[in-house]
Amino acid sequence: MFEQENQYLTMPIRIIGGKLKGKRLFGVKDDRVRPTTDRHRESIFNILSSQIVDAKILDLFAGTGAMGLEALSRGAEQSVFVDISRNCCDVISRNVQSCHLDNVSEIIRCDILKSLNHINHKRFDLVFMDPPYDHNAV
C-alpha cells in the first residue's frame, strides 16, 4: 500500500498528550491539507479532557488523522476517520498502523457531504469537523 513513499511527507505533526505523547505522524504532500496545529489541538483537548476517556470519536475531513489519533492517545475508545481523498486515507492508515491503533480505528473514504450512509448507523460522543478552507461545508 505504501509503495510510493514520495506521496508522504514527514512533517512536524505529533501527538501532544496521552500514551503516545511525542509520537510523530506522517503528513500529506498536498497544500490543500493543513492539519490542525499542535497548539490548537492541545487547547481543544485541554478543554475536552474529561469527555475524551472512553469516547467514540468521529473525525470528519480527517486529513492526517491527527485529531482522532490524539483522542485515542488520551483514552478514547474508538475513532472513525472520514475523508474523501485517497492520499489522506492512505496517510491516516499509515499513521494508525505506526501508532498500533488498528483495532480501535476505522477509516472511511467517502464524500461526507453527499452521503451520511457510511456512518448513520453509528453513535459518537464527539465529532471533530475541520473542512478545507475553500470548502462550503457549513
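In which sense do S3 and S4 pair, and over how many bridges? The legends below take up this question and others for a predicted model.

**View 1. The whole chain, with its helices and strands.** This predicted model shows a chain with three helices and six strands, and a reader who follows the sequence from its start meets them in the pattern β-β-α-β-α-β-α-β-β. The chain has 138 residues, of which 45% count as buried. It exposes about 8,000 Å², and carbon and sulfur atoms supply 48% of that area. Among the contacts between residues at least 6 apart in sequence, 61% join residues that are at least 24 apart.

**View 2. Strand S3 beside strand S4.** The opening question is answered here, for S3 and S4 pair in the parallel sense, and five bridges join them. Within this pairing, Lys56 stands opposite Gln78 of S4. To get from S3 to S4 the chain passes through H2, and this β-α-β crossover is right-handed. S3 itself is mostly covered, since four of its five residues are buried.

**View 3. Strand S3 beside strand S6.** S3, which spans residues 56-60, is also joined to S6, and here four bridges connect strands that run parallel. Two positions help to find the pairing in the model: Ile57 has Leu126 of S6 as its bridge partner, and Leu60 stands opposite Met129 in S6. Which side chains of S6 are buried, and which are not? The side chains alternate along the strand, with Leu126 and Phe128 pointing to one face and buried, whereas Val127 and Met129 point to the other face and are not buried.

**View 4. The largest nonpolar core.** In soluble globular proteins, nonpolar side chains tend to be buried together. The largest nonpolar core of this chain has 23 residues, and those that touch the most other members are Leu25, Ile52, Ile57, Leu69 and Leu101. The elements that give two or more residues to this core are helix H1 (38-52), helix H2 (66-73), helix H3 (86-98) and strand S6 (126-129), and H2 gives the most, with five residues. Ile52 offers a useful place to look in detail, because its contacts can be followed one by one: leaving aside its neighbours within four places in sequence, Ile52 is in contact with Phe45, Ala71, Arg74, Gly75, Ala76 and Leu126. A second core, separate from this one, has nine residues, among them Leu60, Val80, Val82 and Cys110.

**View 5. The salt bridge between Arg14 and Asp38.** Side chains of opposite charge can pair when their charged atoms come close. The chain has six salt bridges by the rule used here, and one of them joins Arg14 to Asp38, with the closest N and O atoms 3.3 Å apart. Because Arg14 lies in strand S1 (residues 8-14) and Asp38 in helix H1, the pair ties together parts that are 24 residues apart in sequence. Are the two partners buried or exposed, or in between? Arg14 has a relative accessible area of 34% and is therefore partly exposed, whereas Asp38, at 19%, is buried, because buried means under 20% relative accessible area.

**View 6. The salt bridge between Glu77 and Lys56.** In this close-up the side chains of Glu77 and Lys56 meet in a salt bridge, with a distance of 3.3 Å from N to O. The pair links distant parts of the chain, as Glu77 is in the loop between H2 and strand S4 (78-83) while Lys56 is in strand S3, 21 residues apart. Glu77 counts as partly exposed at 40% relative accessibility, and Lys56 counts as partly exposed at 29%.

**View 7. The salt bridge between Lys122 and Glu106, and a network of others.** Lys122 forms a salt bridge with Glu106, and the closest N and O atoms are 2.5 Å apart. Lys122 lies in the loop between strand S5 (105-109) and S6, and Glu106 lies in strand S5, so this pair ties together parts that are 16 residues apart in sequence. Lys122 counts as partly exposed, with 24% relative accessibility, and Glu106 likewise counts as partly exposed, with 27%. Elsewhere, salt bridges that share partners join Arg14, Asp38, Arg41, Glu70 and Arg74 into one network.

Conventions
Residues are numbered from 1 along each chain as its sequence is written. This is a predicted model: local features need pLDDT of at least 70, side-chain atom pairs count only at pLDDT 80 or more; totals for chains, interfaces and linings use all residues. Side-chain values use heavy atoms; hydrogens and water are left out. Buried means under 20% relative accessible area, exposed over 50%, partly exposed in between (1.4 Å probe, protein chains only). Contact means heavy atoms within 4.5 Å. Accessible areas come from the Shrake-Rupley method with a 1.4 Å probe; for residues, only the protein chains shown count as cover. A nonpolar core is a set of buried Ala, Val, Leu, Ile, Met, Phe, Trp, Tyr and Cys residues joined through side-chain atoms within 4.5 Å. Two strands pair if DSSP finds at least two bridges between them. A salt bridge is a side-chain nitrogen of Lys or Arg within 4 Å of a carboxyl oxygen of Asp or Glu. A crossover is right-handed if, with the strands pointing away from the viewer, the path from the first strand over the helix to the second runs clockwise.
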